[in-house]
Amino acid sequence: MSRTQNTKALAEMIHQQVGGDLVPIELVTPYPENYQALVAQAQREQETRFLPPLKTQIDSIDKYEVVFVGFPTWGMQLPTPMKSFLTQYNLRGKTVIPFNTNAGYGLGNSIESIRTLCPSSNILQAYSTRGGIERDGALNVMEGERRTQVQRELEQWLKDLNF
């Protein structure tokens with residue numbers, strides 16, 4: 001999930017370090033392009049606990065022992081598409097490694113939601129960093145000096161996790 005491309009940039013940086021498969025989470029019905037319409041829909045989904053159906057299909061989640069899950073923070077919560085993913089795929093016994101971009105407010109209750117949705121998974125320490133702020137017109141900020149800084153932080157985080 002990466003509307004502003006910041007989470008996608010992190011996923012690509014992590015992929016360069018650890019390899020594996022990159023799988024974008026896509027919806028059957030994409031979110032509106034209009035930012036305000038998207039925010040309103042996302043709020044309704046959170047309030048009603050609606051889980052949007054995923055277009056993304058993973059043939060055999062069983063072949064993976066480690067799953068990195070990347071997401072932005074939406075309204076201090078785990079986005080509903082990520083909740084759909086974690087509900088649809090059984091990650092029991094797998095190591096789940098969260099990474100996140102946000103507008104400066106951090107992870108909110110995202111990690112608690114992941115723990116609830118993956119009660120039999122080994123959830124490691126998340127990496128979180130400030131990304132773009134779409135409402136202010138700041139989209140992909142993972143460029144230049146900022147990208148270099150984030151790459152260094154990711155390298156240290158992965159080293160701390162023994163990757």
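## A salt bridge in helix α1

The side chains of Glu-12 and Lys-8 come together in a salt bridge, with a distance of 4.0 Å from N to O, and in this predicted model the structure holds 1 salt bridge. Both Glu-12 and Lys-8 belong to helix α1, where they stand 4 residues apart, or about one turn of the helix.

Neither partner reaches the cut-off for an exposed residue, which is over 50% relative accessible area. Glu-12 is partly exposed, with a relative accessible area of 33%, and Lys-8 likewise counts as partly exposed, at 41% relative accessibility.

## Aromatic pairs

A pair of aromatic rings is described by the distance of the centres and the angle of the planes. With ring centres required to lie within 6.5 Å, the count comes to 5 aromatic pairs. In one of these, the rings of Tyr-31 and Trp-74 have their centres 5.4 Å apart and their planes at 75°, and because planes over 60 degrees apart count as edge-to-face, this pair is placed in that class. Tyr-31 lies in the loop between α1 (6-18) and α2 (35-48), while Trp-74 lies in the loop between β1 (66-72) and α3 (80-88), so the pair ties together parts that are 43 residues apart in sequence. Tyr-31 is buried, with a relative accessible area of 13%, and Trp-74 is buried as well, with a relative accessible area of 18%.

The rings of Phe-85 and Tyr-89 also pair, with their centres 5.2 Å apart and their planes at 40°, so this pair is tilted. Phe-85 counts as buried at 4% relative accessibility, and Tyr-89 counts as buried at 8%. Elsewhere, ring pairs link Phe-68, Tyr-127, Trp-157 and Phe-163 into a cluster.

## A nonpolar patch on the surface

Phe-163, a member of the aromatic cluster, also takes part in a nonpolar surface patch of about 210 Å², which it makes together with Val-18 and Val-66. Of these residues, Val-66 is placed in strand β1, and at 32% relative accessibility Val-66 counts as partly exposed.

## The two sides of helix α5

Helix α5 (residues 144-160) has 17 residues and reaches 25 Å from its first C-alpha to its last, which is close to the 24 Å expected at 1.5 Å a residue. The buried residues of this helix are Val-150, Leu-154, Trp-157 and Leu-158. Seen down the axis of α5, these buried residues fall within an arc of 95°, so they line one face of the helix.

On the other side of α5, the residues Glu-145, Arg-152, Lys-159 and Asp-160 are exposed. Trp-157 connects this description with that of the aromatic rings, since Trp-157 is among the buried residues of α5 and is also linked by ring pairs into the cluster with Phe-68, Tyr-127 and Phe-163.

## Ala-103 and Pro-79

Ala-103 is found in the loop between β2 (95-102) and α4 (110-117). With a relative accessible area of 24%, Ala-103 is partly exposed, a value that lies above the limit of under 20% that applies to buried residues. Ala-103 and Pro-79 are separated by 24 residues in sequence and by 14 Å in space, taken from C-alpha to C-alpha.

Notes
Residues are numbered from 1 along each chain as its sequence is written. This is a predicted model: local features need pLDDT of at least 70, side-chain atom pairs count only at pLDDT 80 or more; totals for chains, interfaces and linings use all residues. Side-chain values use heavy atoms; hydrogens and water are left out. Rings of Phe, Tyr and Trp (its six-membered ring) pair if their centres lie within 6.5 Å; planes under 30 degrees apart count as stacked, over 60 as edge-to-face and the rest as tilted. Helices (H or I, at least four residues) and strands (E, at least two) are DSSP runs, numbered from the N terminus. Buried means under 20% relative accessible area, exposed over 50%, partly exposed in between (1.4 Å probe, protein chains only). Patches are made of residues with over 30% relative accessible area and no salt bridge: like charges are joined within 9 Å, nonpolar side chains (Val, Leu, Ile, Met, Phe, Trp, Tyr) within 5 Å. Accessible areas come from the Shrake-Rupley method with a 1.4 Å probe; for residues, only the protein chains shown count as cover. The expected span of a helix is 1.5 Å times one less than its number of residues. The arc is that of the directions from the helix axis to the C-beta atoms.
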